[in-house]
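Trainee: I should like to work through this structure with you, one question at a time.
Mentor: Please proceed, and we shall reason from the model itself.

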Amino acid sequence: MKPVKAFASLAAVLAALGVLGAAPPPDEQLDVVRRRIGVLEGRLGELDRENRSRQEERERLSTELELAEARVREVELVLGRSRSEAEAVTAEVGELETELERQRELLAGHVEMIALLGRPGTAQLLLDGARGGDLERALSTVAALASGQVRLVEEYGELRQQRSARLADLSRILERARLEAAELETLRASLESTRRSVDAKIRELERSQRSASSELGDLRQREEALTRLLGTLGERGSFSAAEDIRRFRGALPWPVSGTVVQSFGRHYLPRYSTYTVCNGLRLEAASGAEVTAVFPGEVAYARFFKGYGNMVVVDHGHDVYSLVAGLASIHVRVKQPVAMGTRLGVASPPSEEGNTYFEIRVGKKPQDPRRWLQLEAPSRGPRG
């Protein structure tokens, strides 16, 4: 195969691989991308170690997608650099092919010159010079022909070695580029998969957030409804108590034996990715445990209340009310007088958020029940 045709075939192979015509990417870009990958990997690790809220989960998904995109970009830049290197070596091989062709033509010229001297060649030239011709000129001519041939042959051999070495380099570069191109295709497929997965998870988060917002709205509405109910009960006139419950603040018995799972006050709810306020105590009690009145009074409400389940409100007089909710059953009726320890109902089966809810209010304002009750619950100590 002639050199020009061989080089043309090589160029066709490079073009098919997408090597020729690739713009050389700046190394600075690759450095920036690799630093970004390091930052993203670190942040992703931090997010995986955190207890994630919805916002943190959204950030984790976004970081995961950005990391996948950065890895694709890294391999694109690496492949671009390999292609640029292959293009440069290909050009160099082309120049060597051109130089080899020139050297071949020079060697052919020397051979042709020797042929013109006739069959005896240089020996005849020297003999003629010795017999009366110009011997010095004959010697000079023979020496020039010999040294020129040697030089041309050496240069030709060196060029062939250079071309072989650069072709070997090019072969290695092309193989590396082939592997990088295959890796890039895999990463691109992985990126598409990650993008679809992230999009689906974000849509699910958004649906969950809308659902959570709706649930949170319902929670606030039922708290407002309870406040309105207690306000209505107060407007009917407070129970006339013989003893002022406020004198016994800090000494009242607990309404049920159990554990506090949520205390009074402001709480962050990961489920809703927001803060809410608990106006009482959520208790975890044994299923069927007796739930009792904490002080003498009169039953002001005893029925199901939306969002709270079976609920009993006791009016203790002096505009002070206690409330128990989430009962499995109610054992008192409205207007019924109760004493301290009277069974108001029984606890439902345990649940993750507690199965008994307890409040104390003065007028419409919720109070921290722990400031009214004895220091410790009658069972395991409070942990809310």
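Trainee: Is glutamate 85 buried, partly exposed or exposed?
Mentor: The model is a predicted one. Glutamate 85 has a relative accessibility of 36%. Buried means under 20% and exposed means over 50%, so glutamate 85 counts as partly exposed.

Trainee: With which residue does glutamate 85 form a salt bridge?
Mentor: The closest N and O atoms of the pair are 2.8 Å apart, and a salt bridge requires a distance within 4 Å. The partner of glutamate 85 is arginine 176.

Trainee: How many residues apart in sequence are the parts that this salt bridge, between arginine 176 and glutamate 85, ties together?
Mentor: Glutamate 85 belongs to helix 3 (residues 54–116), while arginine 176 belongs to helix 5 (residues 135–235). Arginine 176 is itself partly exposed, at 35% relative accessibility. The pair therefore ties together parts whose separation in sequence is 91 residues.

Trainee: How many salt bridges are there by this rule?
Mentor: Side chains of opposite charge can pair when their charged atoms come close. One of the pairs in this model is glutamate 243 with arginine 247, at 3.0 Å from N to O. By the rule, the count of salt bridges is 16.

Trainee: Which residue of the pair glutamate 243 and arginine 247 counts as exposed?
Mentor: Glutamate 243 has 36% relative accessibility and counts as partly exposed. The other residue has 64%, and exposed means over 50%. The exposed residue is therefore arginine 247.

Trainee: In which strands do glutamate 290 and arginine 343 lie?
Mentor: These two residues form a salt bridge, with their closest N and O atoms 3.4 Å apart. Glutamate 290 is partly exposed at 44% relative accessibility, and arginine 343 is partly exposed at 38%. The pair ties together parts 53 residues apart in sequence, because glutamate 290 lies in strand 5 and arginine 343 in strand 10 (residues 343–347).

Trainee: Which residues are joined into one network by salt bridges that share partners?
Mentor: Here the salt bridges are linked to one another through shared partners. The residues of this network are Arg73, Glu76, Glu185 and Arg188.

Trainee: Let us turn to the interior. Which residues of the largest nonpolar core touch the most other members?
Mentor: In soluble globular proteins, nonpolar side chains tend to be buried together. The largest nonpolar core here has 28 residues. Elements giving two or more residues to this core include strand 4 (281–285), strand 6 (297–305) and strand 11 (356–362). The members that touch the most others are Leu252, Val312 and Leu344.

Trainee: How many residues does the other core, apart from the largest, contain?
Mentor: This other core has Leu230, Leu233, Cys278 and Ala325 among its members. It lies apart from the largest core, and its residues number 15.

Trainee: Is histidine 316 buried or exposed?
Mentor: Histidine 316 is placed in the loop between strand 7 (309–315) and strand 8 (320–330). Beyond four places in sequence, histidine 316 touches residues including Phe239, Ile245, Val294 and Tyr321. Its relative accessible area is 0%; since buried means under 20%, histidine 316 is buried.

Trainee: Which residue has a side chain joined to that of histidine 316 by a polar contact of 2.7 Å?
Mentor: The contact is between two side chains, and the partner is also in the list of residues that histidine 316 touches. The residue is serine 322.

Trainee: What distance separates the C-alpha atoms of aspartate 319 and valine 362?
Mentor: Aspartate 319 also has its place in the loop between strand 7 and strand 8, and is partly exposed with a relative accessible area of 35%. Aspartate 319 and valine 362 are 43 residues apart along the chain. Their C-alpha atoms are separated by 5.7 Å.

Trainee: Which backbone nitrogen does the side chain of glutamine 336 reach?
Mentor: Glutamine 336 lies in the loop between strand 8 and strand 9 (337–338) and counts as buried, at 17% relative accessibility. Beyond its neighbours within four places in sequence, glutamine 336 is in contact with Gly297, Glu298 and Val299. At 3.1 Å, its side chain reaches the backbone nitrogen of arginine 333.

Trainee: Finally, where in the chain is confidence lowest?
Mentor: The mean pLDDT of the chain is 76, and 68% of the residues reach 70 or more. Confidence is highest in strand 5 (residues 290–292), at 96. The lowest confidence, at a mean of 49, is in helix 1 (residues 3–16).

Note on methods:
Residues are numbered from 1 along each chain as its sequence is written. This is a predicted model: local features need pLDDT of at least 70, side-chain atom pairs count only at pLDDT 80 or more; totals for chains, interfaces and linings use all residues. Side-chain values use heavy atoms; hydrogens and water are left out. pLDDT is the predictor's confidence in each residue, from 0 to 100. Helices (H or I, at least four residues) and strands (E, at least two) are DSSP runs, numbered from the N terminus. Buried means under 20% relative accessible area, exposed over 50%, partly exposed in between (1.4 Å probe, protein chains only). A polar contact is a pair of N or O atoms within 3.5 Å; within protein, one must be able to donate a hydrogen and the other to accept it, and residues adjacent in sequence count only if both atoms are side-chain atoms. Contact means heavy atoms within 4.5 Å. A salt bridge is a side-chain nitrogen of Lys or Arg within 4 Å of a carboxyl oxygen of Asp or Glu. A nonpolar core is a set of buried Ala, Val, Leu, Ile, Met, Phe, Trp, Tyr and Cys residues joined through side-chain atoms within 4.5 Å.
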